[in-house]
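Student: Could you take me on a close look at one part of this model, the aromatic rings and what surrounds them? I'd like one connected walk-through, please.

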Amino acid sequence: MPYARVNGNMLFYRESGEGPAAIFLHGFPLDHSLWLDQLKGLAHVRHCIAPDLRGFGRSDPTVDAVLTMEMLADDVAGLLAALGIEHADVIGLSMGGYVTLALWELRPDMVRSLALIDTRAGADGPEAQAARDAMIDRILDGGRQALADEMVHGLLGRAPSRRAQARLRSMIEGTRYETLVASLEGMRDRKDRTAVLPTISVPTLVCGGEDDALIPPDRIRELAAAIPGARVTIVPRSGHLPVIESPDVVNQALIELFEGRKVVWWR
Ligand code: MLT
């Protein structure tokens, strides 16, 4: 299984397919396996690369007290460089979207197109910051299982499949405690990148789940409206994780983004 040394850490990644590169950045508290349906369904159009971000999944454990979005974005740039890749389509879900926007700011030259899935550009307000601190305490007191119980019910859409529930639970329960804490601190203190949105000059897809309670469709449409020429896909009956809840709809939207085709979008 492939690893690359980036910024002093071994980063795990899974890849599939051939052609132009596309890199897939997972959310919190997940790992590369979030993207298994994309690695399978997009291998005929892209060289797909799904890393475990620093501290997550099978990547090296981290001793960083805070995993900042900038640090994670710099790792992504480093991973692409280590693989000899100059440009990639960059697809980020939720926290992966925060990292994607940080990467656009840091290395726009590396980005061929963007897909921002169930994510946002703004920073946490005081209430959201307090909720991050409370979540850290709950995790340290109650463990990952309690976090998984909370998230399986809060993140997925109406009547989620058993398969989606199981995959989400495996990812959450497989994430190290120090990574949970450091990434929550990194998200709590992340920068507001709203001003970056009008600077996006590559083809962009903004996608969200119809039933996402965390980032509802109206927020997704607002995010898209701030990015010149962005396409929007709202995935029916999906919550925060359409890439595992309705992978075929997401894969089709990504193919249309990659091919630059004009299509009838789900709205
Ligand atoms: C994620 O899915 O990455 C997180 O829920 C994002 C967040 O908590 O802001």
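Tutor: Sure, let's start with Phe 12, which is buried, its relative accessible area being 0%. Keep in mind that this is a predicted model. The ring of Phe 12 has a partner in Tyr 3: the two centres sit 5.4 Å apart and the planes make an angle of 70°, an edge-to-face pair. The call follows from the angle, because anything over 60 degrees counts as edge-to-face. Tyr 3 isn't hidden the way you might guess from its partner; with a relative accessible area of 38% it is partly exposed.

Now for another pair, Phe 24 and Trp 35. Here the centres are 5.2 Å apart and the planes stand at 50°, so this pair is tilted. Phe 24 belongs to strand β3, residues 21-25, while Trp 35 sits in the loop between β3 and α1 (36-41), so the pair ties together parts that are 11 residues apart in sequence. What about burial? Phe 24 is buried, at 0% relative accessible area, and Trp 35 counts as buried with 0% as well. The aromatic pair count comes to 2.

Stepping away from the rings, have a look at helix α4, residues 126-155, where you'll find Ile 139. Ile 139 is buried, with 2% relative accessible area. Leaving out residues up to four places away in sequence, Ile 139 touches Leu 147, Tyr 177, Leu 180 and Leu 184. Val 250 is another matter: it lies 111 residues from Ile 139 along the chain, and their C-alpha atoms are separated by 31 Å.

So how does all that sit in the whole chain? The protein has 9 helices and 8 strands. Of its 267 residues, 57% count as buried. Its radius of gyration is 17 Å, which agrees with the value near 18 Å for a compact globule of 267 residues. The C-alpha trace spans about 50 × 40 × 35 Å along the principal axes. If you take contacts with a separation of 6 or more, 77% of them are between residues 24 or more positions apart.

Last, the outside. The accessible surface comes to about 10900 Å², and carbon and sulfur atoms hold 52% of it. As for charge, there are 29 positive and 36 negative charges, and their mean positions are 5 Å apart.

Definitions and conventions: Residues numbered from 1 in each chain as written. Predicted model: local features only at pLDDT ≥ 70, side-chain atom pairs only at ≥ 80, totals over all residues. Heavy atoms only, no water. Helix = DSSP H or I, 4+ residues; strand = E, 2+ residues; numbered from the N terminus. Rg over C-alpha atoms; globule rule 2.2 N^0.38 Å. Buried < 20%, exposed > 50% of the residue type's maximum accessible area, 1.4 Å probe, protein only. Contact = heavy atoms within 4.5 Å. Areas by Shrake-Rupley, 256 points an atom, 1.4 Å probe, with all protein chains shown as cover. Lys, Arg positive; Asp, Glu negative; His and termini not counted. Charge placed at Lys NZ, Arg CZ, Asp CG, Glu CD. Phe/Tyr/Trp six-rings, centres within 6.5 Å; stacked < 30°, edge-to-face > 60°.
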